[in-house]
Amino acid sequence: MAELGSKGVTAGKIASNVQKKLTRAQEKVLQKLGKADETKDEQFEQCVQNFNKQLSEGTRLQKDLRTYLASVKAMHEASKKLTECLQEVYEPDWPGRDDTNKIAENNDLLWTDFHQKLVDQALLTMDTYLGQFPDIKSRIAKRGRKLVDYDSARHHFEALQTAKKKDETKIAKAEEELVKAQKVFEEMNVDLQEELPSLWNSRVGFYVNTFQSIAGLEENFHKEMSKLNQNLHDVLLGLDKQYSGNAFPVKAQPSDSTPAKANKSPSPPPDGSPITSPETKTANHELEPSTLEAPGASIPKSPSQPAEAARAGAEAAGSEAAAGAEASKTEADSGSSSLPAVVVETFPAAVNGTVEGGASSERADMPPGFLFKVQAMHDYTATDTDELQLKAGDVVLVIPFENPEEQDEGWLMGVKESDWIQHKELDQCRGVFPENFTERVQ
């Protein structure tokens, strides 16, 4: 007990508070069950509803204002990084470098000032405005408890007065408790009856001042920022005029109808074979010299012989033919006045063992511009929409690029033979593929 008393709390005080809570709880139950009447004040209840609405609106405004300030802070940081990037790319010998640095500094100061004024003139005012609500809310709750105490004392006093056996001492004490409860309640009630309407009406002026402050700060901020942006525009315009002859040409992107592989190197085949350039492939697959079959002449077709050897063989054959003709002339010298006409029979040239005359019908069925055939030696998985998907053994009909400048080293344009036979359509079937995944077959 001594310990409780030393802290200003006695056992009697605790018991009294517990008793009050029990009495209030009992009174509220009776009122809810309709067994005890409840003092009503509709005007005050309306004030309480307005108070709750005002608190809810203010809390939302405070939250949204903090979000707005966070966004301003984020924009400040983004703007700062952007101006820092401009300063880094602005080369020392360019005109207006000092002006650009000054504009960047002023930009940073302007954002900082804008944010700080929003805090001082809007957020802090908002915090002060909402700071009065917790105390009033607590007093409203306390008034409600005192009203229950008043109703409980009134009902107790009325019950003693209407009892069959009256106890004047108890009645007098109950009346004293009633007067005391009524006085406490009415004092709090009067104060709140005056304060709540005044608080409700103050919202108009507060909202006006808050949004006027935000609008005014934004207006000044954007005016000053507009001046900085105009200055920056003028500085960059001067730079553009001085270096206008060095405009950077922007090349158009290739159209979707013309597949192209820009700056792309073909992947090495799975067997580790070296990547072969188009020039090397062309040299390796140069057409062999034509075979000339004439009486008394034979031209070997060894791949090791160049075209000059073929021409030499042809000249040798011609010499032998001329010698034979001279011998015939000597034998027929017994009076013939003229030599008989020599009929030279020509044969079609053969390329890779195939007679060109027979190939004309085959080329008629090939796609326009057909060059030669290749066969895939390895599987190739396409990595883009303009590439051909190949399986080992697929035969591809090679065709030229529509724009030769779009052909990259190591890549060919073609259509798979099976697709061409089936569709006879280039636009949907053609594509590019790495040359080193294939081998020329014709």
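Good morning. I begin with valine 396, which stands opposite lysine 416 in strand β5. Please keep in mind that the structure shown here is a predicted model.

The strand to follow is β4, covering residues 395-399. How much of strand β4 is buried? Four of its five residues are buried, so the strand is mostly covered, given that buried means under 20% relative accessible area.

Strand β4 has two partners to consider. With strand β5, residues 411-416, β4 runs antiparallel, and four bridges join them. With strand β3, residues 372-376, β4 also pairs in the antiparallel sense, over four bridges. In that pairing, phenylalanine 372 stands opposite valine 398 of β4. As a general point, side chains in a regular strand alternate between the two faces of the sheet.

Let us turn to glutamate 439, which is found in strand β7, residues 438-440. Is glutamate 439 buried or partly exposed? Its relative accessibility is 43%, and because partly exposed covers values between 20% and 50%, glutamate 439 counts as partly exposed. Its C-alpha lies 6.5 Å from that of alanine 376, although the two residues are 63 apart in sequence.

Finally, I come to the surface. Which residues gather in a patch of negative charge there? They are Glu186, Glu187, Asp191 and Glu194. Aspartate 191 belongs to helix α6, which spans residues 168-242. With a relative accessible area of 41%, aspartate 191 is partly exposed.

To close, I return to the central strand of this talk: β4 is mostly covered, and it pairs in the antiparallel sense with β3 and runs antiparallel to β5. Thank you for your attention.

Notes:
Residues numbered from 1 in each chain as written. Predicted model: local features only at pLDDT ≥ 70, side-chain atom pairs only at ≥ 80, totals over all residues. Heavy atoms only, no water. Buried < 20%, exposed > 50% of the residue type's maximum accessible area, 1.4 Å probe, protein only. Helix = DSSP H or I, 4+ residues; strand = E, 2+ residues; numbered from the N terminus. Pairing = 2+ DSSP bridges. Patch = residues over 30% accessible without salt bridge, like charges linked within 9 Å, V, L, I, M, F, W, Y side chains within 5 Å. Areas by Shrake-Rupley, 256 points an atom, 1.4 Å probe, with all protein chains shown as cover. Salt bridge = Lys/Arg side-chain N within 4 Å of Asp/Glu carboxyl O. Lys, Arg positive; Asp, Glu negative; His and termini not counted. Charge placed at Lys NZ, Arg CZ, Asp CG, Glu CD.
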